[in-house]
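Student: I would like to go through this model term by term, with each label set against its definition.

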Amino acid sequence: MDNKHKLVIVVGSVREGRFGPVAASWVADQARRHGGFEVEVVDLAEVEIPLALPAESPKYAGESYPRPAGMAALTSALEGADAFVMVTPEYNHSYPASLKAAIDWHFTQWTAKPVAFVSYGGAAGGRHAVLHLENVLTELHAVTIRDGLAFPNYYTAWQDGLPLDPEASGYAKTLLDQLAWWAGALRSARETVPYPS
Ligand SMILES: Cc1cc2nc3c(=O)[nH]c(=O)nc-3n(C[C@H](O)[C@H](O)[C@H](O)COP(=O)(O)O)c2cc1C
């Protein structure tokens with residue numbers, strides 16, 4: 001169905017032995033079952049993301065921004081997306097540098113699009129990471145979704161790639177319903193009136 005929203009799920013951590021792909025795979029299953037999305041998972045571990053940015057800001061460079069060849073698939077996925085889910089752990093009360101670098105290499109790709117969060121970590125379930133992401137994505141004119149999924153102490157809360165909490169799928173559905181609503185509303189708005197910059 002071509003009226004499905006293009007959803008890009010970003011795996012934010014790139015560490016050896018990371019949990020991120022497990023959480024992202026479960027979220028992708030939930031999104032496919034939801035039915036409102038065409039789902040693509042983008043794993044930042046497979047992307048060339050240098051820490052050193054070009055001289056000019058991507059905000060002003062537009063199409064001519066000189067990104068590395070190994071970033072092209074990421075840029076294209078972000079460009080074509082109607083909505084995002086960021087799957088993030090918490091590192092020192094924030095989110096991983098890999099995710100920040102991927103965000104900073106882009107600008108218009110985030111504009112007037114909705115972003116939801118699935119986080120995990122110790123006692124706080126990655127909520128410190130999400131608070132920082134909400135702040136950063138506001139600067140990029142993205143719209144962050146109210147409901148998020150947070151998995152505290154995920155190492156005891158998941159088994160065989162699935163959360164043990166029987167309510168988790170229901171929480172995911174609520175998040176995805178909100179994300180789908182915003183994806184449709186914002187796509188229609190972007191198509192109707194150019195976003196003021
Ligand atoms: C550098 C580093 C810092 C961390 N800091 C926190 C933290 O502040 N709060 C927390 O809940 N967990 C923290 N953790 C634990 C991570 O949430 C946990 O290791 C998680 O598996 C990391 O996600 P990943 O496996 O996808 O890399 C930290 C882990 C690392 C590697």
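Student: How far apart do the end C-alpha atoms of residues 6-154 lie, and what are the helix and strand shares of the span?

Tutor: The end C-alpha atoms are 28 Å apart, and the span is 34% helix and 21% strand. Helices (H or I, at least four residues) and strands (E, at least two) are DSSP runs, numbered from the N terminus. This is a predicted model: local features need pLDDT of at least 70, side-chain atom pairs count only at pLDDT 80 or more, and totals for chains, interfaces and linings use all residues. Residues are numbered from 1 along each chain as its sequence is written.

Student: Why is strand E1 called largely enclosed by the rest of the structure?

Tutor: A residue is buried if 20 or more other C-beta atoms, placed from the backbone, lie within 10 Å of its own, exposed if 12 or fewer, and partly exposed in between. Six of the seven residues of E1 (residues 5-11) are buried, so the strand is largely enclosed.

Student: What makes E1 and strand E2 a pair?

Tutor: Two strands pair if DSSP finds at least two bridges between them. E1 and E2 (residues 37-43) have seven, in the parallel sense, and valine 42 of E2 is the bridge partner of valine 10.

Student: How many bridges join E1 to strand E3?

Tutor: Five, again parallel, with E3 at residues 83-89. Methionine 86 is the partner of valine 10 in E3.

Student: What is the handedness of the unit made by E1, helix H1 and E2?

Tutor: With the strands pointing away from the viewer, a clockwise path from the first strand over the helix to the second is right-handed. E1, H1 (residues 20-34) and E2 form a right-handed β-α-β unit.
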